[in-house]
Amino acid sequence: MAAVAQPGATTVVQQSAGGNPWAGPPEGENVFGMITQNVSRLTEAKPPRAWYVAFAIALALLTMFGLSLAYLFYTGIGVWGNMVPVAWCFDIVNFVFWVGIGHAGTLISAILYLLRQDWRTAINRAAEAMTIFAVVCAAIFPGIHIGRPWLPYWMFPIPNQMGMWPQFRSPLEWDVFAVGTYATVSLLFWYMGMIPDFATFRDRSTTKIRRIAYGIVAMGWRGSSRQWHRYERAYLLLAALATPLVLSVHSVVSFDFATSQLPGWHTTIFPPYFVAGAIFGGFAMVVTLLVPARQFFGLKYIITLRHIELMTKVILGTGMLVGYAYGMEFFIAWYSGSLYEGFTFINRLFGPYAWAYWTMIFCNVVAPQIFWSRKMRRNVWVAFAVGVIVNVGMWFERFVIIGTSLARDFLPSSWGYYVPTPTDYTTLGGSFGLFFTLFLLFCRYLPTVAMAEVKAIMPEAHVQHGHGGAH
Amino acid sequence: MAKKDSDSEHDAPHGGHEDHGGDSTAAVTDDVRLPGAARVAQIAGGVGVVGVLATIGLGVSAGDDLRSFSFAYLTAYVYGLSIALGALVWVTLQHLFAARWSVVVRRVGELFAASTPVMALLALPILVPVLMGNHQLYEWVDHAAVEKDHILHHKHAYLNETFFAVRLVVYFVFWAWLGRYWLTKSVEQDRTKAKGLHAKLYGVSAPSMIALALTLSFAAIDLIMSLDARWFSTIFGVYYFSGAVVAWHSLFALVLFWLQGQGKLVKSVSVHHFHDIGKMMFAFTVFWAYIAFSQYMLIWYANVPEETVWYQERTNGPWQNVAWFLVVGHFVVPFLFLLSRHVKRNRAGLKLGAVWLLFVHWVDMFWLVKPSLGRHGELHGLPIGVMDVTAVVGVLGMLLAAAAWNARDKNLIPLEDERLAKSLAFTNS
Amino acid sequence: MAAHRPEGPPKLLGVVAEYETPTALVHAAEKVRDAGFQHWDTYTPFPIHGIDPAMGIRPTRLPWIVLCAGLTGLTTAALLQWWTNAVDYPWVISGKPFLSIPASVPVYFELTVLFSALTALGAMIVINGLPEPHHPLDLKERFGRATDDRFFLYIQARDPKFDESATRALLESTHPEDLDDVMEDQSSPAGLPRPLVIGLAALVCAAIVPFVLFVQARQTMTDQPRIHMVPDMDFQLKYKTQKASAFFADGRTVRPQEPATIAVGQLDEDEHLHHGRVEGEYARTFPSALPVDEAAMKRGQTQYDIFCAPCHGLSGAGDGIVSRRAQDKEQSMWVPPTNLTQGYLRRMPVGQMYELIGKGVRNMPAYGPQISIEDRWRIVLYVRALQRAGNATIEDVPAAERGGLN
């Protein structure tokens with residue numbers, strides 16, 4: 001954990017914050033107080049103008065999302081470009097894309113926790129929030145993709161008037177359980193982490209409404225050590241449960257495709273390949289969100305260059321894993337000797353969707369290579385730009401898998417070419433509006449950084465043995 | 001993924017790690033030399049050579065054109081190779097993740113990682129018959145069959161004797177170089193006491209890991225997957241990798257226990273280190289199950305004939321019991337057993353787990369390789385015999401001999417690594 | 001240092017000490033532990049590494065509770081999938097068995113994790129006694145920093161070892177920043193704040209409303225037509241066979257055949273073969289154009305199994321799976337299919353049976369459009385065989401094979 005400026009470091013030059021009440025170095029009697037103040041002021045002071053501008057844009061996009069969905073429900077899914085043979089495209093692409101984004105949060109929280117990666121504490125809360133919001137965006141698409149939003153309850157095992165049960169041998173049904181469980185557990189994990197921080201907000205509150213609101217969600221947490229003991233054990237258990245869960249979710253999503261017999265979908269490496277891709281895209285999204293957040297919201301004292309650099313390394317590493325999967329798919333497509341497999345991959349390279357394929361290769365494999373350079377890893381705006389590029393690339397990866405495989409059926413007479421409609425684009429763009437709206441509200445009202453966890457890994461938090469009390 | 005502490009070397013103001021024993025300096029009071037290593041190498045090597053020669057002798061005298069020999073030997077060979085490669089992967093990952101907990105045990109890993117040349121030597125009983133046109137093991141060596149079979153003909157550009165040999169040479173040159181590199185650099189530091197070596201090794205580790213991932217995957221494809229030359233699975237390299245990591249950590253724990261029994265590393269390697277190794281055994285047992293299930297599920301569900309046939313062979317007849325044994329023995333039992341923190345921190349418990357995992361990993365290799373013996377339908381009952389035992393004894397003996405031989409003039413701990421103090425003070429909850 | 005407040009009624013609940021660093025707190029905790037106190041606690045902004053042994057906190061039983069929950073989840077998943085897909089609603093999907101273990105694994109796993117995770121959080125909350133709206137320490141302004149940057153130690157007066165002056169002295173010896181008495185809270189009401197309770201109760205009541213509406217909707221009949229959510233799907237812009245057409249002069253949607261033409265394959269001049277009649281009467285023999293042989297019987301069996309067996313059953317006894325399911329569901333409107341091997345059907349001329357297959361009878365739809373003329377005859381042939389088999393005696397079995405029967 002790099003530090004909130006150390007207690008003695010009063011030499012920090014007062015940066016001109018441009019009237020931004022969220023910026024400027026944090027104050028406090030000791031390092032713990034400084035962390036509290038740095039994080040709490042985001043919810044206590046009026047936000048800077050950047051927040052309002054961002055929120056206005058996000059709301060506009062969200063409105064577009066709402067209108068697109070209303071148009072969809074009123075008219076039917078003919079408003080999308082779906083056709084035979086590409087009977088689903090943007091809806092499922094967006095679903096897989098958002099679920100993938102939703103992986104980094106729990107990965108950072110759970111896996112890095114088990115791996116004793118202390119640096120995670122600076123970013124895990126924001127990443128978890130991002131996870132929840134991404135899963136919310138993802139969950140919308142299965143709900144709307146038939147244009148009949150009153151029917152998705154058929155997916156749940158509820159006794160109904162039809163005397164029918166969901167089909168548990170269908171990968172789409174596994175999705176319901178995997179994504180549902182993942183959303184629930186992520187929410188629990190997120191909420192549980194916030195309980196002590198809500199208590200901090202409650203105890204700092206100056207208005208009655210804040211005291212009551214944060215008091216309810218803090219549930220009377222007062223930091224008792226006996227409670228901390230059980231809390232930590234429960235947190236460890238949740239982390240241990242969430243780790244295989246993260247792997248399972250995108251594996252199950254990959255089963256949607258890989259259990260079929262369609263060339264380009266049916267390949268055994270899909271589960272780990274999807275998971276690697278999800279972590280890759282998720283980390284890229286964390287970087288995309290946190291670089292501006294630390295810049296404009298005064299969090300650079302907690303989220304330091306070192307955190308950005310470590311995240312870029314994860315992006316590079318998972319990018320290589322994704323590259324390995326691309327390569328292995330190609331090799332086996334040739335090695336299998338299957339005419340259809342071979343054609344599918346030649347078609348990706350040189351067929352009508354070659355533009356999408358090469359966009360994907362550039363974004364996911366070529367662009368992250370810049371992170372071999374330490375200088376580039378430590379340049380936040382380069383990290384931000386590559387984060388955006390990787391997000392584009394990961395969206396295209398899903399498009400390439402789904403679009404190109406469907407558009408070239410076994411019979412040339414059934415071939416087609418998918419052309420998205422404007423509504424396809426506004427739905428995709430609008431989902432970002434929902435995501436950013438939720439994230440900006442999170443920055444404004446919830447503890448953006450896990451204060452208790454950051455404090456716990458400060459050098460000052462360690463008990464010195466061998467000599468007496470503090471004075 | 002391996003355990004790592006943050007690579008805090010990059011930013012000056014860092015704090016807060018679990019281990020706060022940073023003020024203590026490296027204070028290894030243990031005996032770190034193994035003077036008996038040469039003797040161990042001689043004994044293990046002797047046993048190994050006898051084992052390999054006995055297998056070859058039995059194989060030649062079986063009079064089936066080396067057929068039963070080839071399959072028995074290949075099973076043992078990919079088993080031993082997986083352990084050596086597991087060690088190589090482990091050491092590379094420790095550098096890649098700048099791990100600090102493992103510094104005190106890293107040298108033992110390096111000794112095994114540097115033992116791949118002996119695996120190259122041991123590859124000859126497979127390679128020589130292939131080059132001589134013996135097609136009992138790999139049907140793609142059979143030119144008459146290749147001419148008649150469209151798929152085999154298609155693959156001939158990749159699956160042919162010359163290219164097979166060239167690839168094996170390339171793999172082994174790289175593995176031998178990498179293992180030797182990790183060991184030499186680390187030993188060199190013992191002597192020169194140079195600081196900052198880990199930063200340099202970190203730089204080497206990233207590209208090495210990529211090359212290692214590729215060579216390991218293709219070695220698995222060449223040696224095992226091409227036994228059934230019509231079958232293919234993109235996840236196969238990952239499958240072999242997952243088993244390799246499990247097997248390596250198991251052997252690793254056993255070797256460390258043995259060393260402590262010899263009075264070495266008694267104080268430096270604590271229950272916390274063993275606990276971490278136990279966690280890795282547990283984690284990769286689960287990972288293996290995940291990969292194995294993914295492969296099975298996708299092939300079972302899609303039910304494409306050219307893919308399903310591989311599982312058809314491996315889940316019917318006598319192999320059905322082996323498959324169920326793997327489900328229970330390679331996943332359910334070790335999962336429940338190693339789930340417990342007390343088991344991982346208990347010497348007898350961890351030892352038992354390690355021995356068991358080494359055994360089931362062999363069963364896994366057996367189940368991958370041997371069913372191909374019956375691809376012409378002449379198989380009745382499990383093809384297991386004396387040769388399987390002698391081959392495993394031979395390969396493992398040679399592997400241990402190579403590692404011991406590497407140890408004869410070296411410290412068992414990289415004494416000059418700056419992070420040693422952190423590793424010694426490492427605690428694990 | 002705050003003075004002891006002697007003002008009567010409020011009871012002394014304990015003493016609280018404040019420390020500036022975790023180290024000071026841990027050392028103080030060790031002293032208190034060694035003094036043998038039971039009812040005491042420390043309050044910190046974050047979990048302190050090493051405080052558990054310093055306070056003598058024993059490991060929690062939480063993991064065991066979570067393990068039980070996980071096993072419950074696994075069992076639930078197993079039972080749910082088995083009951084819904086293998087027992088209550090067995091349906092063949094892509095040739096997989098009703099109870100497919102590999103296909104069940106994802107849900108086994110997910111529910112195990114879901115139950116465990118919910119329990120981990122829930123049990124943590126319950127064992128910790130949360131939510132805890134009031135606490136005596138809340139009266140202390142300084143205590144607010146327990147969630148910020150200060151560390152507190154609180155010994156309760158109800159502890160048997162508690163002795164006002166001795167305990168204070170003990171805490172004094174740990175050099176706290178501040179040492180204070182904790183008095184009974186007489187100002188705050190007991191229990192949850194009233195508005196909160198009312199709010200929660202209102203929320204619970206509101207949550208029940210949708211379910212009540214569902215139940216009511218399921219219980220009531222209506223004579224109103226159903227609501228059309230998607231009018232352009234319910235009323236599509238297309239002509240249906242028997243609907244009137246505004247386009248054609250005769251107002252018919254279905255176009256009549258052009259005069260003096262015969263569609264391909266619809267020439268039906270052979271009375272016996274096409275209509276099952278001979279000189280106006282139902283034929284009692286098979287048409288001569290169709291050979292009655294082993295091949296015809298096999299073909300008839302195949303076609304029967306495809307088209308007839310779902311209702312009439314594989315043996316013709318009227319016990320096909322459609323019928324059995326309808327009876328399982330106790331569908332009162334269901335008319336069971338005829339038993340083909342008994343009664344008048346045994347005496348029915350083959351020509352009549354042929355006609356019934358093609359044109360349908362009572363509940364049975366016409367299969368003429370689906371089954372070719374030749375195959376209809378072959379089905380009749382096979383039904384004859386079923387009738388023979390359904391009324392067979394031991395004499396029908398070849399003598400050589402009678403031994404195999406019991």
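This is a short tour of a predicted model, with stops at chain A, its contact with chain C, two helix pairs and chain B.

**Stop 1: chain A on its own**

Select chain A and hide the rest. You will find 16 helices and 0 strands here. The radius of gyration of chain A is 24 Å, close to the 23 Å that the globule rule gives for 471 residues, so chain A is as compact as a globular protein of that length. If you turn the chain along its principal axes, its C-alpha atoms fill a box of roughly 85 × 55 × 45 Å.

Now colour chain A by burial: 58% of its 471 residues count as buried. Contacts can be drawn too. Taking those with a sequence separation of 6 or more, 80% in chain A are between residues 24 or more positions apart.

**Stop 2: where chain A touches chain C**

Bring chain C back and select the residues of each chain that touch the other. On one side are 63 residues of chain A, and on the other are 70 residues of chain C. Which elements of chain A should you highlight, if you want those that give two or more residues to this side? They are helix H1 (31-44), helix H6 (171-204), H8 and helix H16 (451-456) of chain A. The most comes from H8(A), with 16 residues. Colour the chain A side by class, and it shows 30 nonpolar, 23 polar and 10 charged residues.

**Stop 3: H8 of chain A against H4 of chain C**

Keep H8 of chain A (residues 225-258) and add helix H4 of chain C (residues 101-127). Their axes lie 10 Å apart and the packing angle is about 160°. An angle over 145 degrees counts as roughly antiparallel, which means that H8(A) is roughly antiparallel to H4(C). Their crossing is left-handed.

Show the side chains next. From H8(A), the residues to pick are A:Arg230, A:Tyr231, A:Ala234, A:Leu237, A:Leu238, A:Leu241, A:Leu245, A:Ser248 and A:Val252. Facing them in H4(C) are ten positions to label one after another: C:Pro106, C:Phe109, C:Glu110, C:Val113, C:Ser116, C:Ala117, C:Ala120, C:Leu121, C:Met124 and C:Ile127. Sorted by class, this contact holds 15 nonpolar, 2 polar and 2 charged residues.

**Stop 4: H8 again, now within chain A**

Stay with H8(A), hide chain C and select H4 of chain A, residues 104-114. How far apart are the axes of H4(A) and H8(A)? They are 8 Å apart, and the helices pack at an angle of about 120°. That makes H4(A) oblique to H8(A). This crossing, too, is left-handed.

For the contact itself, pick A:Thr106, A:Leu107, A:Ser109, A:Ala110, A:Ile111, A:Tyr113 and A:Leu114 on H4(A). Their partners on H8(A) are A:Ala239, A:Ala240, A:Ala242, A:Thr243 and A:Val246. The class colours here give 9 nonpolar, 3 polar and no charged residues.

**Stop 5: over to chain B**

Finally, select chain B alone. It has 17 helices and 0 strands. A compact globule of 429 residues would have a radius of gyration near 22 Å, and chain B agrees with its own 22 Å. Along the principal axes, the C-alpha trace of chain B spans about 70 × 45 × 40 Å.

With the burial colouring on, buried residues make up 52% of the 429 in chain B. As for contacts between residues at least 6 apart in sequence, 83% of those in chain B join residues at least 24 apart.

How values were computed
Residues numbered from 1 in each chain as written. Chains lettered and ligands numbered in written order. Axes fitted to C-alpha atoms, helices over the stretch in contact; angles between N-to-C directions. Helix = DSSP H or I, 4+ residues; strand = E, 2+ residues; numbered from the N terminus. Parallel < 35°, antiparallel > 145°, perpendicular 65-115°, else oblique. Left-handed = near helix turned anticlockwise from the far one by under 90°. Contact = placed C-beta atoms within 7 Å. Nonpolar A, V, L, I, M, F, W, Y, C, P; charged D, E, K, R; others polar. Rg over C-alpha atoms; globule rule 2.2 N^0.38 Å. Buried ≥ 20, exposed ≤ 12 C-beta atoms within 10 Å, placed from the backbone.
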